[in-house]
Amino acid sequence: MQLDRIHHAAIICADYAVSKRFYTEVLGLRVVAENYRAARDSHKLDLALPDGSQIELFSFPQAPARPTRPEAQGLRHLSFEVHDVQAAADELAAQGIAVEPLRTDEFTGRRFTFFADPDGLPLELYEAAPAEALDALLLKLEGALHLREVRASAVRLEELLDDDFHELGVSGTVWTRAAIVEALRGEAFSVRTMSDFRVLRMASDVALVTYRAHREAIPERPAADSLRSSLWKRRHGRWRMVFHQGTAL
């Protein structure tokens, strides 16, 4: 047997509405599906992280409380990777979530901390490996928006573009997130490459990206070069694009 990765972790909550709000609004997980099974009086909410891993949130009548201290055998906690543990912890604290003081893993040297969901389930924030520096991360995210498979996927685009996203196109057209997602679904795709990529950190959770873009020629249109700038903002530990502008060369 070859196991590829963990697909999901399942959680049983005491108050479905409270836990749904915590996982979707506080932690910012994306809702994949929501179902109610009347025969069992049970809700089931499928939630996804940006890498595709999922959490299943269940509610069952009269489910016994989870053991706390001393720690019981079995699943100990869930851990979420973030790029800046301190910033993510500060976001939680600002929303009234108690967060433990940051600690450093003695084996990896990476920072981590713990907090709890509404039912006391321990959740961990664990710092990403140093290789995922901000410049490299934003190059990866910006580059993803030039890929055919990403541009054709509403789900992938909505993960990368902020709810308040706006784009000022080369033609002068102003695009909202909904409009650009719809437009890209039917575009005649052409390969794009980036050069002179630069990142300017404006604040702890805001970064400006600038670069040159080259679009290869296709039967529907000629090749073109442009200057590009993007504003990225981190919300709930995730970087998403809030503004993009293109200027023809």
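Q: What is the bridge partner of Ser79 in strand 8?
A: In strand 8, Ser79 has Glu124 as its bridge partner. This is a predicted model, in which local features need pLDDT of at least 70, side-chain atom pairs count only at pLDDT 80 or more, and totals for chains, interfaces and linings use all residues. Residues are numbered from 1 along each chain as its sequence is written, and side-chain values use heavy atoms, without hydrogens and water.

Q: Why are strand 5 and strand 8 called a pair?
A: Two strands (DSSP E runs of at least two residues, numbered from the N terminus) pair if DSSP finds at least two bridges between them. Strand 5 and strand 8 (residues 122-127) run parallel and are joined by 5 bridges, so the condition is met.

Q: What makes strand 5 and strand 6 edge strands?
A: The open sheet that holds them has 4 strands in the order 5-8-7-6, with mixed pairing. Strand 5 and strand 6 (103-104) each have a single partner strand, so one side of each is left without a neighbour in that sheet.

Q: Which strands stand at the edges of the sheet with the order 1-4-3-2?
A: This sheet, too, is described as open, with 4 strands and mixed pairing. Strand 1 (8-13) and strand 2 (30-37) stand at its edges, because each has a single partner strand. Strand 2 is joined to strand 3 (residues 42-48) in the antiparallel sense by 7 bridges, and one residue pairing places Glu34 opposite its bridge partner Leu45 in strand 3.

Q: How do you know that strand 14 pairs with strand 9 and with strand 13?
A: Strand 14 (residues 238-248) shares 4 bridges with strand 9 (residues 161-168) in the parallel sense, and 10 bridges join strand 14 to strand 13 (residues 224-235), these two running antiparallel. Both counts satisfy the pairing rule and therefore both pairs stand. Within strand 14, Phe243 is the bridge partner of His166, while Met241 is the bridge partner of Trp232.

Q: Why is the contact between Arg177 and Asp163 called a salt bridge?
A: The term asks for a side-chain nitrogen of Lys or Arg within 4 Å of a carboxyl oxygen of Asp or Glu. The closest N and O atoms of Arg177 and Asp163 are 3.2 Å apart, so the contact qualifies. Because Arg177 lies in helix 6 and Asp163 in strand 9, the pair ties together parts that are 14 residues apart in sequence. Asp163 also forms a salt bridge with Arg240, at 3.7 Å between the closest N and O atoms; since Arg240 belongs to strand 14, this pair ties together parts 77 residues apart in sequence.

Q: Which of Arg177, Asp163 and Arg240 are buried or exposed?
A: Buried means a relative accessible area under 20%, exposed means over 50%, and partly exposed lies in between (1.4 Å probe, protein chains only). Arg177, at 17%, is therefore buried, and Arg240, at 12%, is buried as well. Asp163 has 54% relative accessibility and so counts as exposed.

Q: What makes Arg185 and Glu182 a salt bridge within one helix?
A: Their side chains meet at 3.4 Å, N to O, and both residues lie in helix 6, 3 residues apart, about one turn of the helix (a DSSP run of H or I with at least four residues). Arg185 is exposed, with a relative accessible area of 57%.

Q: How many salt bridges does the structure hold?
A: The structure holds 15 salt bridges. Asp84, Arg111, Glu127 and Arg234 are joined into one network by salt bridges that share partners.
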